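Reader: I'm new to this one and would like a close look at a single part of it. Could you walk me through it slowly?

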Amino acid sequence: MTDRPAIEAVDTITLYLNEQHQKDFYEYILSLHPKRIIFNPGAENDELFDLAKANGIEPLEACTLVMLSTGQY
């Protein structure tokens, strides 16, 4: 993927990519300044988790589908 559009007012990024495939997106994800990043099962990544925290982004290890079905999203 080469197209990385600038998007305003991003609330949540939910990741399903595994840790190896996320590295190419670190800069882009952080540049969007989301309020939170949800790391779904299999997408856990300590490095990006810590980068998110350091940039004032709330990182969560959770399942987006479960959060939606239980009203926690």
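Where is the place of asparagine 45? Please start there and work outwards.

Author: Happy to. Keep in mind that this is a predicted model. Asparagine 45 has its place in the loop between β2 and α3. You might look for a loop residue on the outside, but asparagine 45 counts as buried, because its relative accessibility is 1% and the cut-off for buried is under 20%.

So who is around it? Setting aside neighbours within four places in sequence, asparagine 45 is in contact with Glu19, Gln22, Tyr26 and Phe39. Its side chain also has a partner a short step along the chain: at the start of α3, a side-chain oxygen of asparagine 45 comes to within 3.0 Å of the backbone nitrogen of glutamate 47.

Let's follow one of those contacts, glutamine 22. This residue sits in helix α1, and glutamine 22 is buried too, with a relative accessible area of 1%. Its contacts, again leaving out neighbours within four places in sequence, are Leu15, Leu17, Phe39, Ala43, Asn45 and Leu48. Phe39 is therefore a name you have met already, as it is on the list for glutamine 22 and on the list for asparagine 45. The side chain of glutamine 22 has a polar atom 2.9 Å from the backbone oxygen of alanine 43. As for leucine 48, it is 26 residues from glutamine 22 in sequence, yet their C-alpha atoms are 8.3 Å apart in space.

Leucine 48 takes us into α3 itself. This helix covers residues 46-54, and its buried residues are Leu48, Phe49 and Ala52. Looking down the axis of α3, you would find those buried residues within an arc of 105 degrees, so they line one face of the helix. There is a simple reason such a pattern can come about: an α-helix has 3.6 residues a turn, so residues three or four places apart point the same way. What covers the buried residues of α3 includes β1, α1, α2 (26-31), β2 (36-39) and β3 (58-61). Now turn the helix around: the face away from the buried side carries the exposed residues Asp46, Lys53 and Ala54. Just after α3, glycine 56 takes a positive phi of about 75 degrees.

Back to glutamate 47, the residue whose backbone nitrogen is 3.0 Å from a polar atom of the asparagine 45 side chain. Glutamate 47 belongs to helix α3, and it counts as partly exposed, at 39% relative accessibility. Not counting residues up to four places away in sequence, glutamate 47 touches Lys23 and Tyr26. With tyrosine 26 the link is a polar contact between the two side chains, at 2.9 Å. With lysine 23, glutamate 47 forms a salt bridge, and the closest N and O atoms are 2.7 Å apart. That pair ties together distant parts of the chain: lysine 23 is in the loop between α1 and α2, glutamate 47 is in helix α3, and they are 24 residues apart. Lysine 23 is partly exposed, with a relative accessible area of 44%. As a general point, side chains of opposite charge can pair when their charged atoms come close. Glutamate 19, listed earlier as a contact of asparagine 45, is worth finding here as well: its C-alpha atom is 8.9 Å from that of glutamate 47, although the two are 28 residues apart along the chain.

If you want to step outside this region, the count for this model comes to 2 salt bridges. Lysine 35 forms a salt bridge with aspartate 11, with the closest N and O atoms 3.7 Å apart. This pair also links distant parts of the chain, with lysine 35 in the loop between α2 and β2 and aspartate 11 in the segment before β1, 24 residues apart. Lysine 35 is exposed at 58% relative accessible area, while aspartate 11 is partly exposed at 37%.

To put the picture together: asparagine 45 is buried and reaches to the backbone of glutamate 47 at the start of α3. Glutamine 22, also buried, touches both asparagine 45 and leucine 48. Glutamate 47, for its part, is partly exposed and joins α3 to the loop between α1 and α2 through lysine 23.

Conventions. Residues are numbered from 1 along each chain as its sequence is written. This is a predicted model: local features need pLDDT of at least 70, side-chain atom pairs count only at pLDDT 80 or more; totals for chains, interfaces and linings use all residues. Side-chain values use heavy atoms; hydrogens and water are left out. Helices (H or I, at least four residues) and strands (E, at least two) are DSSP runs, numbered from the N terminus. Buried means under 20% relative accessible area, exposed over 50%, partly exposed in between (1.4 Å probe, protein chains only). Contact means heavy atoms within 4.5 Å. A polar contact is a pair of N or O atoms within 3.5 Å; within protein, one must be able to donate a hydrogen and the other to accept it, and residues adjacent in sequence count only if both atoms are side-chain atoms. The arc is that of the directions from the helix axis to the C-beta atoms. A salt bridge is a side-chain nitrogen of Lys or Arg within 4 Å of a carboxyl oxygen of Asp or Glu.
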